[in-house]
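Take a look at the protein below. Then work through the questions one at a time.

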Amino acid sequence: MEQITMIADLSERGAGVAESTRRILDLFGPDYFNVIDYSKIYAHFPRIPLRRTIALWIFNHFKDKDLKGGNILSISPGIITDHNLLKLTKRSAVVVHDTYILHSQYPRDLGNWLAKRHILKDLKNLDDYSVVFVISDLTRKKLEESGLATANKIKVINWNIIPNEFQPLPKQKKDKAI
């Protein structure tokens, strides 16, 4: 089995993409992945405006030697901001968790606006990846309908990584009208 370099942000605890990344690592084991955690750059970067954007730029411009000829998995859109990196790899994949960012009023300040810009740029270039993993049929449908990825590149996965407290509620029986 070939090793895959997983590019991830492990800075969050207990929620979101970082938590699903940890669960994926637990599921597949450390021998399967070489993890590049760009959040280490971000966490140790000075507290200045746009530090996440600057950290991503540093990460994307100095990791190309590590990724050349290998297999990479970006754990969410927006982490790989330079798609020229994808041309250096043998195979590349990205995990798209949802499509809310296409419809939301997410950016409230300049830093968030730039982060959203990176994510949207990556989403608009999904076909640059060898494979686009999605975690639900709804996300697959939204990507296909919006023309962001061709159907033959999209693979729906079920890693069983969603914690029990986020499972759908059981359907309740309807009360009979009196």
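The questions below deal with the sheet, a helix that lies across it, and some charged side chains in this predicted model.

Q: In what order do the 6 strands of the open sheet stand?
A: The sheet is open, and its pairing is parallel. Neighbouring strands are turned by 25° against each other on average, direction ignored. Read across the sheet, the order is β2-β1-β3-β4-β5-β6.

Q: Which strands stand at the edges of the sheet?
A: An edge strand has a single partner strand, so one side of it is left without a neighbour in the sheet. The strands in that position are β2 (33–37) and β6 (154–156).

Q: Which residue of β3 is the bridge partner of Ile4?
A: Strand β1 covers residues 4–8, and β3 covers residues 71–74. The two run parallel and are joined by 4 bridges. In β3, the partner of Ile4 is Asn71.

Q: At about what angle does helix α7 run to β6?
A: Helix α7 spans residues 137–146. It lies across β4 (91–96), β5 (131–134) and β6. Its angle to β6 is about 165°.

Q: How far from Asp122 is the nearest side chain of opposite charge?
A: Asp122 is found in helix α6, residues 110–124. It is buried yet has no salt bridge. A salt bridge needs a nitrogen and an oxygen within 4 Å. The nearest side chain of opposite charge is Lys121, and the distance is 8.6 Å.

Q: With which side chain does the side chain of Asp122 make a polar contact?
A: Leave aside residues up to four places away in sequence. Asp122 then touches Ser76, Pro77, Gly78, Ile79, Ile80, His83 and Tyr129. The polar contact, at 3.0 Å, is with the side chain of Tyr129.

Q: How many salt bridges are counted?
A: Side chains of opposite charge can pair when their charged atoms come close. The cut-off here is 4 Å between nitrogen and oxygen. By this rule the count is 3.

Q: Which residue forms a salt bridge with Asp137 at 3.8 Å?
A: The partner lies in helix α7, as Asp137 does, 3 residues apart. That is about one turn of the helix. Asp137 is partly exposed, with a relative accessible area of 47%. Its partner is Arg140.

Q: What is the N to O distance in the salt bridge of Arg140 and Glu144?
A: These two are 4 residues apart in helix α7, so about one helical turn separates them. Arg140 is partly exposed at 25% relative accessible area, and Glu144 is partly exposed at 30%. Their side chains meet at 3.2 Å.

Q: Which residues are linked in a network of salt bridges?
A: Asp137 meets Arg140 in a salt bridge. Arg140 also meets Glu144 in a salt bridge. The linked residues are Asp137, Arg140 and Glu144.

Q: Is Glu145, which forms a salt bridge with Lys141, buried or exposed?
A: The closest N and O atoms of Lys141 and Glu145 are 3.9 Å apart. The two residues are 4 apart in helix α7, about one helical turn. Lys141 counts as partly exposed at 43%. Glu145 has a relative accessible area of 58%, and the limit is over 50%, so Glu145 is exposed.

Key. Residues are numbered from 1 along each chain as its sequence is written. This is a predicted model: local features need pLDDT of at least 70, side-chain atom pairs count only at pLDDT 80 or more; totals for chains, interfaces and linings use all residues. Side-chain values use heavy atoms; hydrogens and water are left out. Two strands pair if DSSP finds at least two bridges between them. Axes are lines fitted to C-alpha atoms, for helices over the stretch in contact, and angles run from 0 to 180 degrees between N-to-C directions. Contact means heavy atoms within 4.5 Å. Buried means under 20% relative accessible area, exposed over 50%, partly exposed in between (1.4 Å probe, protein chains only). Lys and Arg count as positive and Asp and Glu as negative; His and the chain ends are not counted. A polar contact is a pair of N or O atoms within 3.5 Å; within protein, one must be able to donate a hydrogen and the other to accept it, and residues adjacent in sequence count only if both atoms are side-chain atoms.
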